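Student: I would like to learn how to read a fold step by step. Could we go through this one together, with a question and an answer at each step?

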Amino acid sequence: MGLFSRRRRSAPAPAPDAVPEKQARAATLAYLADFVATRVGVEAYVEPRTNVTQTTIMLVATDGEWTRRKVPDERTAGALARELGIPVYDVQRTGYPQRVRDWNARQRIERQRRAAERG
């Protein structure tokens, strides 16, 4: 066929490694449920959408260890926390707990110590 033929190209096939949205949601829920089950005193902090990031839920354990995942909106984050059986807070009202900053500082010191040992 000629270069300028009227025949339209078919849409490219989806990437074989693309994970369907439902599977991604299930994987996220499983990850968060595992975090709650394997840590003590986990609480949820809902972080609002910004110009740079979408709404997220941050789970924080008693020792300050934390994890963060995207969620569609604040209502979904609250429902997720209730489903996991943990308290939920609006980070704009409560701020982040001090234990998160303490945990981050300990992790930074540990990374520096390991880097110094290596080289």
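Student: In what sequence do the elements of the protein chain run from the N terminus on?
Tutor: Keep in mind throughout that this is a predicted model. The protein chain holds four helices and four strands, and what we need is how they alternate. Read from the N terminus on, the elements of the protein chain run α-β-β-β-α-β-α-α.

Student: Which order do the four strands take in the open sheet?
Tutor: Strand β2 (residues 56-60) can be placed by its partners, for it pairs with β1 (residues 43-47) in the antiparallel sense over five bridges, and five bridges also join it to β3 (residues 66-70), again running antiparallel. On the other hand, β1 is joined to β4 by three bridges, and these two run parallel. The pairing in this open sheet is therefore mixed, and the order of its strands is β3-β2-β1-β4.

Student: Which strands are the edge strands of this sheet?
Tutor: In the order β3-β2-β1-β4, we look for strands that pair on one side only. Neighbouring strands of the sheet are turned by 25° against each other on average, with direction ignored. The edge strands are β3 and β4 (88-90).

Student: Which residue of β4 stands opposite Tyr 45?
Tutor: Tyr 45 can be followed in two directions, and towards β2 it stands opposite Met 58. Another pair between β1 and β2 is Val 46 with Ile 57. Towards β4, the residue opposite Tyr 45 is Tyr 89.

Student: Which residue takes a positive phi in the hairpin of β2 and β3?
Tutor: Between these two strands, Leu 59 stands opposite Thr 67, and Val 60 stands opposite Trp 66. The hairpin has five residues between the strands. The residue with a positive phi, near 100°, is Gly 64.

Student: How many of the five residues of β2 are buried?
Tutor: Thr 56, Met 58 and Val 60 point one way from β2, while Ile 57 and Leu 59 point the other way, and all of these are buried. Strand β2 is therefore largely enclosed by the rest of the structure, its count of buried residues being five of the five.

Student: Which residues of β1 are buried on the side of Tyr 45, and which on the other?
Tutor: Five of the five residues of β1 are buried, so this strand is largely enclosed by the rest of the structure. For the chain as a whole, 24% of the 119 residues count as buried. Both faces of β1 are covered, with Glu 43, Tyr 45 and Glu 47 buried on one side, and on the other Ala 44 and Val 46.

Student: What is the relative accessible area of Thr 55?
Tutor: Thr 55 is found in the loop between β1 and β2. Leaving aside residues up to four places away in sequence, Thr 55 touches several others, including Val 46, Pro 48, Arg 69, Val 71 and Glu 74. Buried means under 20% relative accessible area, and Thr 55 is buried with a value of 2%.

Student: At roughly what angle do the axes of helix α1 and helix α2 cross?
Tutor: Two packed helices are described by the angle between their axes and the distance between the axes. The axes of α1 (residues 21-38) and α2 (residues 74-84) come within 10 Å, and the angle at which they cross is roughly 50°. That makes α1 oblique to α2, and the crossing is right-handed.

Student: How many residues of the contact of α1 with α2 are charged?
Tutor: From α1 the contact takes in Leu 29, Leu 32, Ala 33 and Val 36, which meet Leu 80, Glu 83 and Leu 84 in α2. Sorting these residues gives six nonpolar and no polar, and the number of charged ones is one.

Student: Which strands does α2 lie across?
Tutor: Helix α2 also has a place against the sheet, running at about 175° to β1. An angle over 145 degrees counts as roughly antiparallel. The strands that α2 lies across are β1, β2 and β4.

Technical notes:
Residues numbered from 1 in each chain as written. Predicted model: local features only at pLDDT ≥ 70, side-chain atom pairs only at ≥ 80, totals over all residues. Heavy atoms only, no water. Axes fitted to C-alpha atoms, helices over the stretch in contact; angles between N-to-C directions. Parallel < 35°, antiparallel > 145°, perpendicular 65-115°, else oblique. Left-handed = near helix turned anticlockwise from the far one by under 90°. Contact = heavy atoms within 4.5 Å. Nonpolar A, V, L, I, M, F, W, Y, C, P; charged D, E, K, R; others polar. Buried < 20%, exposed > 50% of the residue type's maximum accessible area, 1.4 Å probe, protein only. Pairing = 2+ DSSP bridges.
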